[in-house]
Amino acid sequence: MSDPIPVIRAVDHGTAKLLPDVDRERAWLLTVDGVPQSYVDLDEPAHLEFEYVRRLAHVVDLAAEEGEPLTVLHLGGGAFTLPRYVAVTRPGSPQDVVEADHGLLELVAAQLPLPRSAGITAHAADARKWLEAAPDRSADVLIGDVFGGSRVPAHLTSVEYARQAARVLRPGGVYAANLADGAPFGFLRSQLATFAAVFPELALVAEPGVLRGRRFGNAVLIASHTPVDLAALARRTAADVFPARVEHGAALRRFTGDATAVRDAGAVPSPRPPDGAFALG
């Protein structure tokens, strides 16, 4: 059998590459314009290579009893890493994945097809528009992982967007978003203030080096109307290969400081990462 070779395609928002992992037979890294987007092992979909995806998965793991199906709405698709994980760890979970890049969806469907029994439905649409049309109280978990290139689009950063997320979540549901920032954390702090204006329960998960401002990196924002088991989340994140901290309560309010909530009229994308922060090669 010949070794797999990279697949390169022009998609709607750049150049996508699927790069085979030489150490795992049917594992692939997806990049768009050199920025890593997803890592998928078709033989072992519960394997999560990226640490931020592991942290999002921890949130899903704690959203209900082990193995219990959940209705999950994913804003941002990539190569469907987290939806594949949910499909195997919580069989029977209905999941919708909203991805604005039609070309990327076509590439992933052709090269990394989903099992027919996965219960995952892909939608080529803008995340905000899809969310605004979604029924009230229709999701147990809402994942926000939308990046236009390497930046979170402005229309997914506002109070109006957060209110739509709150509307779509069921009682006891949880919102979790992958964000990226670095010191002095103007964007991340504004996002905490924005979601605090809508949700009474907030937490932030990130590596200590990121939180101390030593480098630009990912942080997972968690928002809900009911308490999340943060002690269990902290144990899981601390046990990861790259341990993370869970900030909440007074410590999170101090981190947020005097940041104010963002409205649609003044929303801007997340900051552009420094050169080399996420790019490969």
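**Salt bridges, sheet and backbone features of the predicted model**

At 5% relative accessibility, Asp41 counts as buried, a class that takes in residues under 20% relative accessible area. The structure described here is a predicted model, and the description starts from Asp41 and its charged partners.

The side chain of Asp41 meets that of Arg24 in a salt bridge, with a distance of 2.7 Å from N to O. This pair links distant parts of the chain, since Asp41 belongs to strand E4 while Arg24 sits in the loop between strand E2 (14-20) and strand E3, the two residues being 17 residues apart. In contrast to the buried Asp41, Arg24 counts as partly exposed, at 22% relative accessibility. The pair also belongs to a wider arrangement, in which Arg24, Asp41 and Glu44 are linked in a network of salt bridges.

In the whole structure, a search finds 13 salt bridges, and two others may be described in detail. In one of them, the side chains of Asp264 and Arg128 meet with an N to O distance of 2.8 Å. Because Asp264 lies in the segment after helix H9 (249-256) and Arg128 in helix H4 (residues 127-133), this salt bridge ties together parts that are 136 residues apart in sequence. Arg128 counts as buried, at 9% relative accessibility, whereas Asp264, at 33%, counts as partly exposed. In the other, Arg189 forms a salt bridge with Asp258, and the closest N and O atoms are 3.0 Å apart. Here Arg189 lies in helix H6 and Asp258 in the segment after H9, so the pair ties together parts that are 69 residues apart in sequence. Asp258 is exposed, with a relative accessible area of 67%.

Strand E4, which holds Asp41, is part of an open sheet of four strands, arranged in the order E1-E2-E3-E4 with antiparallel pairing. Strand E1 (7-11) and strand E4 stand at the edges of this sheet, and because each has a single partner strand, one side of each is left without a neighbour in the sheet. From one strand to the next, the twist averages 20°. Within the sheet, the antiparallel strands E2 and E3 are joined by five bridges, and Ala16 stands opposite Val32 in E3.

The loop between strand E3 (27-32) and strand E4 (35-41) contains Asp33, whose phi is near 55°, a positive value in a residue other than glycine. Most residues other than glycine have a negative phi, and most peptide bonds are trans. Asp33 is exposed, with a relative accessible area of 51%. A positive phi is also found at Phe185, where the angle is near 65° and the residue is again other than glycine. Phe185 is placed in the loop between E9 and H6, and with a relative accessible area of 7% this residue is buried. The loop between strand E9 (169-181) and helix H6 (186-196) also holds Pro184, and the peptide bond from Ala183 to Pro184 is cis, with omega near 10°.

A further part of the model is organised around helix H8 (residues 230-238), whose buried residues are Leu230, Ala232, Leu233 and Thr237. Seen down the axis of H8, these buried residues fall within an arc of 155°, so they line one face of the helix. The elements against which the buried residues of H8 pack are helix H1 (51-61), strand E10 (201-206), strand E11 (217-224) and strand E12 (245-248).

The loop between H8 and E12 contains Phe242, which is partly exposed, with a relative accessible area of 46%. When its neighbours within four places in sequence are left aside, Phe242 is in contact with Glu51, Arg55, Glu207 and Thr237; of these contacts, Thr237 is also one of the buried residues of H8. The C-alpha atoms of Phe242 and Leu70, which are 172 residues apart along the chain, are separated by 27 Å.

Methods:
Residues numbered from 1 in each chain as written. Predicted model: local features only at pLDDT ≥ 70, side-chain atom pairs only at ≥ 80, totals over all residues. Heavy atoms only, no water. Buried < 20%, exposed > 50% of the residue type's maximum accessible area, 1.4 Å probe, protein only. Salt bridge = Lys/Arg side-chain N within 4 Å of Asp/Glu carboxyl O. Arc of directions from axis to C-beta. Contact = heavy atoms within 4.5 Å. Pairing = 2+ DSSP bridges. Axes fitted to C-alpha atoms, helices over the stretch in contact; angles between N-to-C directions.
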